[in-house]
Amino acid sequence: MSAGSSKIAIYGAIGANVAIAISKFVAAFFTGSSAMLSEGIHSLVDSGNGLLILYGVKQSEKPADARHPFGRSKELYFWSLIVAVLVFSVGGGMSFYEGIEHLKHPAPITDPTWNYWVLGLSMLFEGISCFLAFREFNKTRGDAGFWATLGSSKDPSVFAILMEDLAALVGLTIALIGVYLGHALNNPYFDGGASICIGVLLVSVAIFLIYKTKGLLVGEGVDDETLDSLEAIARQQRGVEQVRRPLTMYMGPQDVVLALDVEFHDHLSAVEVEREVDALQDSIRAKHPEFKRIFIEAKGLTGKERGPLDSASVSPQI
């Protein structure tokens, strides 16, 4: 999926969250609802998070240079980690704190009309934003299940926005229940309890995002299925006798580095080996275009190195 495609979900999320945050703060001011204030904080944080992820996407698209010879694709992972920390600290922490304060100093909701209107409109806008994010997410799913794809996704500009949108919809539902029960039963503790539940929800989402982005930042590689496919492609190449397990690392969602150690039969000349290496690179890229840089170390059966052949010199990053 292209970066331009994933930006659709980000723009949708930013636009929805800005409008929703303003309406929630207005409702919280007139009604004194703790859950509504927490939801306003949540939407405000989501707006800022969308901007940070958008910034990360743009930074990651910068071309390679002397200071960044492998490009800057990991910028997206860095800013996604910052987003996860903000969701944890500001979103979850403030919601939890506001809920505790409301339980310590409960204030009854006098007129929930504002809350109902804002919550209804918020669900509408968040639903649209979630639909856009889910549509982009589905483009990478294939036949895999939702949770399996979410766990294997390497694109924070999609899975982070989708998780935030889903958390927003669940949080709105919790806030709606808290406001309704608090007013219907004349018990303000429901409102404070809803705020705490929203805080726990955001902390849970943040922990998931931190776990995902941490692995990508420290150098996560491709899955075993892709490694098996790479080995199979290499073994099918003419003259290849042995292939060591490939080494890979994600630089970005569609930017993976591959190091491949291949032993060719010693009857091949250096020119023939170079020709087969070029063909091997083409075969790998035809099936796995995400490998932007392929480093192949070619050796003969005697163990004598024929020299590492770097595909980046003949096929620069795109």
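Which residues of helix α8 are buried? In the predicted model, the buried residues of α8 are T226, L227, S229, L230, E231, I233 and A234. The list contains both L227 and L230, and likewise L230 and I233. An α-helix has 3.6 residues a turn, so residues three or four places apart point the same way. Helix α8 covers residues 224-235, and its 12 residues should span 16 Å at 1.5 Å a residue; the end C-alpha atoms are indeed 16 Å apart, so the expected and computed spans agree.

The overall architecture comprises nine helices and five strands. Along the sequence, the elements follow the pattern α-α-α-α-α-α-α-α-β-β-β-α-β-β. Of the 318 residues in the protein, 49% are buried. Among contacts with a separation of 6 or more, 73% join residues 24 or more positions apart. The accessible surface amounts to about 14,800 Å², and carbon and sulfur atoms account for 65% of that area.

According to the unreviewed UniProt entry, the annotation "transmembrane region" applies to residues 9-30, 76-96, 116-137, 158-181 and 193-211. Two of these annotated spans may be described from the model. Residues 9-30 are 100% helix and 0% strand, with the end C-alpha atoms 32 Å apart. Residues 116-137 are likewise 100% helix and 0% strand, and here the end C-alpha atoms lie 30 Å apart.

The largest nonpolar core contains 32 residues, of which I10, I53, F137, L150, I161, L162 and L209 touch the most other members. Two or more residues are given to this core by each of α1 (3-31), α2 (34-60), α3 (75-104), α4 (113-138), α5 (146-152), α6 (156-184) and α7 (189-217). The greatest contribution to this core comes from α6, with nine residues. For L209, when neighbours within four places in sequence are set aside, the contacts are A84, F159, A160 and M163. A second, separate core consists of 24 residues, among them L227, L258, I284 and I296. Of these, L227 is also listed among the buried residues of α8.

Strand β3 (residues 255-264) takes part in two of the strand pairings described here. With β1 (residues 240-243), β3 pairs in the antiparallel sense over three bridges, and Q242 stands opposite E263 in β3. With β2 (residues 247-252), the pairing is again antiparallel and extends over five bridges. Here G252 has D255 in β3 as its bridge partner, and β2 and β3 form a hairpin with two residues between them. Strand β3 is mostly covered, nine of its 10 residues being buried. In a regular strand the side chains alternate between the two faces of the sheet.

Helix α9 (residues 270-287) contains E276. Is this glutamate, E276, buried or exposed? E276 is classed as buried because its relative accessible area of 8% falls under the 20% cut-off. Apart from residues up to four places away in sequence, E276 touches Q237, R238 and F264. One of these contacts, F264, lies at the end of the range of residues 255-264 that defines β3, and the contact therefore links α9 to β3 through E276 and F264.

Terms used. Residues are numbered from 1 along each chain as its sequence is written. This is a predicted model: local features need pLDDT of at least 70, side-chain atom pairs count only at pLDDT 80 or more; totals for chains, interfaces and linings use all residues. Side-chain values use heavy atoms; hydrogens and water are left out. UniProt positions are given in the numbering used here, feature names are shortened, and annotations may be inferred rather than shown by experiment. Helices (H or I, at least four residues) and strands (E, at least two) are DSSP runs, numbered from the N terminus. Buried means under 20% relative accessible area, exposed over 50%, partly exposed in between (1.4 Å probe, protein chains only). Two strands pair if DSSP finds at least two bridges between them. A nonpolar core is a set of buried Ala, Val, Leu, Ile, Met, Phe, Trp, Tyr and Cys residues joined through side-chain atoms within 4.5 Å. Contact means heavy atoms within 4.5 Å. The expected span of a helix is 1.5 Å times one less than its number of residues. Accessible areas come from the Shrake-Rupley method with a 1.4 Å probe; for residues, only the protein chains shown count as cover.
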